[in-house]
Amino acid sequence: MKKLRKAYIALIMAFLYAPIVLLILYSFNDSKSRANWGGFTLRWYKELFTDKTIMSALGTTLSVGLLAALISTVLGTVGAIALFQIHKRPRHMLLSVVNLPMLNSEVVTGVSLMLLFAMVRIQLGYLTLLLSHVAFCVPYVVLSVLPKLRQLDPNLAEAAQDLGATPLQGFLRVILPDIMPGVFSGFIMALTMSIDDFVVSFFTTGSGVSNLSITIYTMAKRGISPKINALSTIIFACVFFLLIGLNLRDFRKDGRNDRKVEQVRIPY
């Protein structure tokens, strides 16, 4: 059974990562054809950084993603705290409303946001793209922060105020550090969803404003350039090393905590 489980896990991992490995290999292929290997080259990486269209789309993607993640993290954290403090029945009703953008089809969300911007006469462009990304990122932050709030002692905020802290000081110095892992997870989730989005962005952006997903979709009509393979490889490498750094930090933190526990043990 152990061998069967290992084989099953290996099969799943191969299914998930084989396309990514293939993409990385093609980013070093000197030939534009995906059927032939023309030798090892770095010219697609050089041409990538000289392509103004891709660099402009990358800048738009990163700026919208970071701003949308920051704004939705603030709004989602405040919203999660407000939901946590109300009664149970209204909380469940409001949570259903919050979850609706995640359960709803992206086409419906994109078209509805486009009609909303047209009704209030906001010209489609960078601002509408940013607002639409904030709209669908907030629910992910709320669902990431709420579990951490449920783990808190309900009397923690009152205890901080009894010791002389103002409500704002109690939140910043007592509540926020405890829920920070959920806040950070919500930020990363919002950033990922914003960078990955295509459908909502397609309906809510204007002329002259294009993120990576729309640019790649436009280029796909003429054939995917190997420069896109190079860009995807760079993005994958950045995410990969970021995850390694976060895991190493957690391992070191756990190791320091274990050493502290051993130091405070009382010998019998």
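The expected span of a helix is 1.5 Å times one less than its number of residues. Keep that rule in mind as you look at this predicted model, because helix α6, with 25 residues (126-150), should then span 36 Å, and its end C-alpha atoms are 37 Å apart, which agrees. From there, we can visit the nonpolar cores, two loop residues and a group of aromatic rings.

**Helices α6 and α4**

- Although the end-to-end span of α6 agrees with the expected one, the helix has a kink of about 30° at Cys137.
- The proline Pro139 comes shortly after that kink.
- Helix α4 can be checked by the same kind of sum: its 16 residues reach 22 Å from first C-alpha to last, close to the 22 Å expected at 1.5 Å a residue.
- Which residues of α4 are buried? They include Arg91, Leu95 and Val98.
- Among the elements that cover the buried residues of α4 are α3 and α6.

**The nonpolar cores**

- In soluble globular proteins, nonpolar side chains tend to be buried together.
- In this model, the largest nonpolar core has 31 residues.
- Ala80, Val142, Val145, Leu146, Leu149 and Ile179 have the most contacts inside that core.
- Which helices each supply at least two residues of this core? They are α3 (52-85), α4 (88-103), α5 (106-119), α6 and α8 (167-196).
- Helix α6 gives the most, with eleven residues.
- To see the packing around one core residue, find Leu149: leaving aside its neighbours within four places in sequence, Leu149 is in contact with Ala80, Ile81, Phe84 and Ile179.
- Another core, of eleven residues, lies apart from the largest one, and its members include Trp44, Leu58, Met219 and Ala230.

**Two loop residues to compare**

- Asn29 sits in the loop between α1 (2-26) and α2 (43-48).
- Is Asn29 buried or exposed? Its relative accessible area is 0%, and buried means under 20%, so Asn29 is buried.
- The side chain of Asn29 reaches the backbone nitrogen of Ser31 at 3.2 Å.
- Setting aside neighbours within four places in sequence, Asn29 is in contact with Asn36, Trp37, Gly38, Gly39, Thr41 and Trp44.
- One of those partners, Trp44, also belongs to the core of eleven residues.
- Arg121 is found in the loop between α5 and α6.
- With a relative accessible area of 79%, Arg121 is exposed, because exposed means over 50%.
- The phi angle of Arg121 is near 60°, a positive value in a residue other than glycine.

**Aromatic rings**

- Rings of Phe, Tyr and Trp pair if their centres lie within 6.5 Å, and by this rule the count comes to eight aromatic pairs.
- The rings of Phe198 and Phe202 have centres 5.6 Å apart and planes at 40°, so this pair is tilted.
- For Phe202 and Phe203, the ring centres are 5.7 Å apart and the planes are at 90°, so this pair is edge-to-face.
- Which residues do ring pairs link into a cluster? They are Phe198, Phe202, Phe203 and Tyr217.
- Phe198 counts as partly exposed, at 23% relative accessibility.
- Phe202 is partly exposed, with a relative accessible area of 42%.
- Phe203 is partly exposed too, at 23% relative accessibility.

Methods: Residues numbered from 1 in each chain as written. Predicted model: local features only at pLDDT ≥ 70, side-chain atom pairs only at ≥ 80, totals over all residues. Heavy atoms only, no water. Helix = DSSP H or I, 4+ residues; strand = E, 2+ residues; numbered from the N terminus. Bend = angle between axes of the 7 residues up to and from the residue. Core = buried A, V, L, I, M, F, W, Y, C linked by side-chain atoms within 4.5 Å. Buried < 20%, exposed > 50% of the residue type's maximum accessible area, 1.4 Å probe, protein only. Contact = heavy atoms within 4.5 Å. Polar contact = N/O pair within 3.5 Å; in protein donor to acceptor, adjacent residues only side chain to side chain. Phe/Tyr/Trp six-rings, centres within 6.5 Å; stacked < 30°, edge-to-face > 60°.
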